[in-house]
Amino acid sequence: MALLPVAEALERLLEGAAALPSESVPLADAAGRVLAEPVAALRTQPPFNASAMDGYAVRYTDVVSMPARLSVIGMAPAGRGFTGSVGKGEAVRIFTGAPLPEGADTVVIQENVRDLGGGSIEVIEPTAQARNVRRRGLDFGEGDVLLHKGRDLDPAALSLAASANHPSLNVVRQPFVAIIATGDELLPPGSALGPDQIISSNAYGVAAVAQSVGARALDLGIAADRKDAIAALVKKAVKAGADVIVTLGGASVGDHDLIHDVLTGEGMQLDFWKIAMRPGKPLMFGRLGDIRCVGLPGNPVASLVCSQLFLKPLLARLGGRPYRQDIRTAWLGSAMHANDIRQDYVRAVVREDAGALVATPFGIQDSSMLRMLADANGLIVREPYAPAAEAGAECSVLMLR
Ligand SMILES: Nc1nc2c(c(=O)[nH]1)N[C@H]1C(S)=C(S)[C@@H](COP(=O)(O)OP(=O)(O)OC[C@H]3O[C@@H](n4cnc5c(N)ncnc54)[C@H](O)[C@@H]3O)O[C@H]1N2
Ligand code: MOO
């Protein structure tokens, strides 16, 4: 099978990927979710003309000339408005958030009032009409559309929805990813390893990639290099309701690379397998009914770079989130060789130098080397057959952090 260009692979992987159906969640569980529909206000806020300060509700015409002596006829704390009316020469003691009593149109802050005792006050500083009053509906009116479909429910959006009297919200269902590692050589972190064994590391990074775009990840553990063992975990993923099944390893051409056979045996229709990319050549993609199957290469760096380039945009789409890779222009910090047929993603340190970005690739790029990926903050993207480039030449960098 010819190697598929990266852009075409991404296009095929994203084909038909749209926001999943909505579900209603209580506000307390809605942080970070994506609105499936607009949110309109179920009430007006504030619902009445309200005092913005602690002080005295007065008639402006009474406090035009200073000092102005007024008699206090009642009290209006927040939550318990004064039911009478403020007449000429009268004031009501009022607190922040309380409804402005009938008759009054202005609030004088208490710092500008002298208490004369016996229910009398003297206003000693001039004020403006309607000062310290929040008009009814200042924030929003009933029926106003406050939040649009697709809005990420950040702190302000959540408090606004609560204030608009929504106890729950319709949000896009979170994409659910099941992750299956494969390989006889793999054991989970914390294991006592035999001489031929290594730690299964990929699932942790891949799950974090999924979570970074709001997906839920279920790590189904490690299947031995046997078709029945892998098939059992694939069945488990299907039963769990996965939207996406991610397999790790076994995607290449070796005798123990069984993923393709197992997935097609379970009913997957293969879309593509093997792409013109480094790292990540053996990437596989297919559909098992509505479930998308992404076969990531086993090499740890290939697993994570493919997750960044393919899994992240796919899950973002399914989750109703816009997503764009952060690609910037930089100068090369050191020379690079001519490239071959595979689009290259080269681990690099990107730093700012006199207002410009300089990207310096690491000398070794073996796709087993995780430490260098963790040290890198960007990937220099080199087109297939890019000619050799000198230090100082312009390049594209996909920022990782
Ligand atoms: N003859 C060929 N051999 C290989 C080719 C090829 O085109 N022809 N492609 C190479 C490339 S490129 C890659 S990438 C790897 C990927 O192969 P697989 O997807 O089949 O991965 P495995 O063989 O299962 O494992 C490769 C490597 O990664 C380690 N591994 C696997 N899973 C995990 C995990 N969950 N956590 C940590 N490390 C993992 C595994 O132990 C191997 O060392 O194939 C090349 N070969
Ligand atoms: O794609 Mo592989 O990751 O080049 O080693």
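## Two odd backbone spots

Ala354 sits out in the open: just 5 other C-beta atoms lie within 10 Å, so this residue counts as exposed. This is a predicted model, by the way. Ala354 also has a phi near 50°, a positive value in a residue that isn't glycine. You'll find Ala354 in the loop that runs between β23 (343-353) and β24 (356-361).

Tyr385 is another one to look up. Its phi is near 60°, again positive without being a glycine, and its place is the loop between β25 (378-382) and β26 (394-399). Tyr385 has 11 C-beta neighbours inside 10 Å, so it too is classed as exposed.

## Cis prolines

Met66 and Pro67 are joined by a cis peptide bond, with omega near -10°. Pro67 belongs to the loop between β4 (55-58) and β5 (68-76).

The bond from Arg278 to Pro279 is cis as well, with omega about -5°. Here the loop is the one linking β19 (277-278) and β20 (284-288). Both Arg278 and Pro279 turn up again below, in the surroundings of ligand 2.

## Around the ligands

Ligand 2 has Arg278, Pro279, Gly280, Lys281, Pro297, Asn299, Ala302 and Ser367 around it. Sorted by class, that shell is 3 nonpolar, 3 polar and 2 charged residues.

Ligand 1 has 26 residues around it, and the ones that come nearest are Gly249, Ala251, Ser252, Pro297 and Gly298. The elements giving two or more residues to this shell are α3 (202-212) and α6 (300-318). Its make-up is 12 nonpolar, 11 polar and 3 charged residues. Pro297 is on the list for ligand 1 and on the one for ligand 2.

## Domains and cores

The protein chain splits into domain 1 (6-20 + 174-318), domain 2 (29-44 + 143-172), domain 3 (50-134) and domain 4 (327-399). Between the C-alpha centres of domain 2 and domain 3 there are 36 Å.

Nonpolar side chains tend to be buried together in soluble globular proteins. In this model, the largest nonpolar core has 71 residues, and Val177, Ile179, Ile180, Ile245 and Val246 touch the most other members. Helix α6 supplies the largest share, 12 residues. Domain 1 and domain 4 both contribute to this core, so it lies between them. Want to zoom in on a single member? Setting aside neighbours within four places in sequence, Ile180 is in contact with Leu220, Ala223, Ile230, Leu233, Val234, Ala237, Ile245, Thr247 and Leu248. Another core, of 22 residues, lies apart from the big one and includes Ala68, Leu100, Ala104 and Val107.

Methods:
Residues numbered from 1 in each chain as written. Chains lettered and ligands numbered in written order. Predicted model: local features only at pLDDT ≥ 70, side-chain atom pairs only at ≥ 80, totals over all residues. Near = placed C-beta within 6 Å. Helix = DSSP H or I, 4+ residues; strand = E, 2+ residues; numbered from the N terminus. Nonpolar A, V, L, I, M, F, W, Y, C, P; charged D, E, K, R; others polar. Core = buried A, V, L, I, M, F, W, Y, C linked by C-beta atoms within 7 Å. Buried ≥ 20, exposed ≤ 12 C-beta atoms within 10 Å, placed from the backbone. Domains from an automatic or database assignment. Contact = placed C-beta atoms within 7 Å.
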